[in-house]
Amino acid sequence: MDEKPLFTTSEIDDLNGQFELAAPEELLRWSYETFGQDVALGTGFGSSGVVLLHMVHAENLPLTVFCLDTNLLFNETYALWKQIEIRYGMNIESVAADLSLSEQAKIYGNTLWKTDPDTCCTIRKVKPLQRYLSGKKAWISGIRQLQSPLRKETRKVEWDPVNRVLKLNPLADWSDERIRSVISRHNIPYNPLHDEGYPSIGCVPCTVAAANPEDERSGRWVHFEKTECGIHLPVLNRS
Ligand code: SF4
C-alpha cells in the first residue's frame, strides 16, 4: 500500500502562498521539520546548488543531501563535491545508475549520449532519481525561473507526479545577481568552470562553454533540441 502523502492542488497553492515572500531558509527549515529524513536535497553543485548547501549549513539543518553521479561529471565537479563536504562537514550521498558505463556501452554502444541522449539521461539520471526518491516524501532542488524559458513558471512548492513526492525549489524566484552576490559575500566554493565560460555544468560529453549564453542552460546538449535531462521535466511540463 502506498503510504506516501498526496498533496492536492489547493494544498500546494496554500504552501506557495505561505512561502511566497519567505526566505529560502524558511522553506528549507519547514521541509526538515515536516519530513525529517524523508526529504532530500539534490545537487549537481551548480551556482544555485552551492548557495542552498551553504544555507543548509548556516541554518544547522541535518538535511539529507545527494548527487546523481553519472560517472561522467567533470573533475572540477568531483573536486568541488569534496571541498563542500569538508567545508560544511556534510556527507553528500552518491546516487549511481544501475548500469556502469561499460555495461551501458555493451548494450547501447560507447557514446549513447551522442546517439540517444534522452535514453542516456534516463539511465544515468532519471531512473536513479526515481529509485532514490521511492523512499522519500519530498525533494529539494536549486532550479530557478530565470535559468531558462522552460523553467520560468517554476514555483517554490510543486507536485512531482512521476516520483510522487513534493518538490521544493526555495530559490525559484532568485535572480542570477542575487546568487552571485551570496556566493561572493560568503566566499562559498563554486565550480571554477563557471569562470571559463560554462553557464551550467553537467556531464563532460554534453556540456561546453558558451561564448554568448542565452540563458543558464546554454552549452548543454548543443547539437540537440534538448535542454533538460528529464529530472525536472515531469514538473516543468505542466498541463
Ligand atoms: S547529460 Fe549526457 S552523458 Fe550525462 S546522462 Fe545525460 S546524455 Fe548521458
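What helps cover the buried residues of helix H8? Part of that cover is helix H3 (47-58). Keep in mind as you look around that this is a predicted model.

Let's stay with H8, which spans residues 176-185 and has Ile179, Val182 and Ile183 buried. Those three sit on the same side of H8, because they cover an arc of only 100 degrees around its axis. That fits a general pattern: an α-helix has 3.6 residues a turn, so residues three or four places apart point the same way. Turn to the other side of H8 and you'll find exposed residues, namely Glu177, Arg180, Ser184 and Arg185. Just past the end of H8, asparagine 187 takes a positive phi of about 55 degrees.

Now for the ligand. Nine residues surround it, and the closest are Pro117, Cys120, Cys121, Cys203 and Cys206. Helix H7 (residues 117-133) gives the largest share of this shell, with four residues. By type, the shell has eight nonpolar residues, no polar ones and one charged. The space the ligand takes up is the second largest cavity.

Finally, have a look at leucine 146, in the loop between strands S4 (138-140) and S5 (157-160). Here is how it sits:

| Feature of leucine 146 | Value |
|---|---|
| Relative accessible area | 53%, exposed |
| Distance to aspartate 173 in sequence | 27 residues |
| Distance to aspartate 173 in space, C-alpha to C-alpha | 7.6 Å |

Leaving aside residues up to four places away in sequence, leucine 146 touches Trp174, Ser175 and Asp176.

Conventions:
Residues numbered from 1 in each chain as written. Predicted model: local features only at pLDDT ≥ 70, side-chain atom pairs only at ≥ 80, totals over all residues. Heavy atoms only, no water. Buried < 20%, exposed > 50% of the residue type's maximum accessible area, 1.4 Å probe, protein only. Helix = DSSP H or I, 4+ residues; strand = E, 2+ residues; numbered from the N terminus. Arc of directions from axis to C-beta. Contact = heavy atoms within 4.5 Å. Near = heavy atom within 4 Å. 1 Å grid on protein atoms, 1.4 Å probe; cavity = no way out; pocket = protein on both sides within 12 Å on 5 of 7 lines; lining within 4 Å. Sits in = over half its atoms within 2 Å of the grid points. Nonpolar A, V, L, I, M, F, W, Y, C, P; charged D, E, K, R; others polar.
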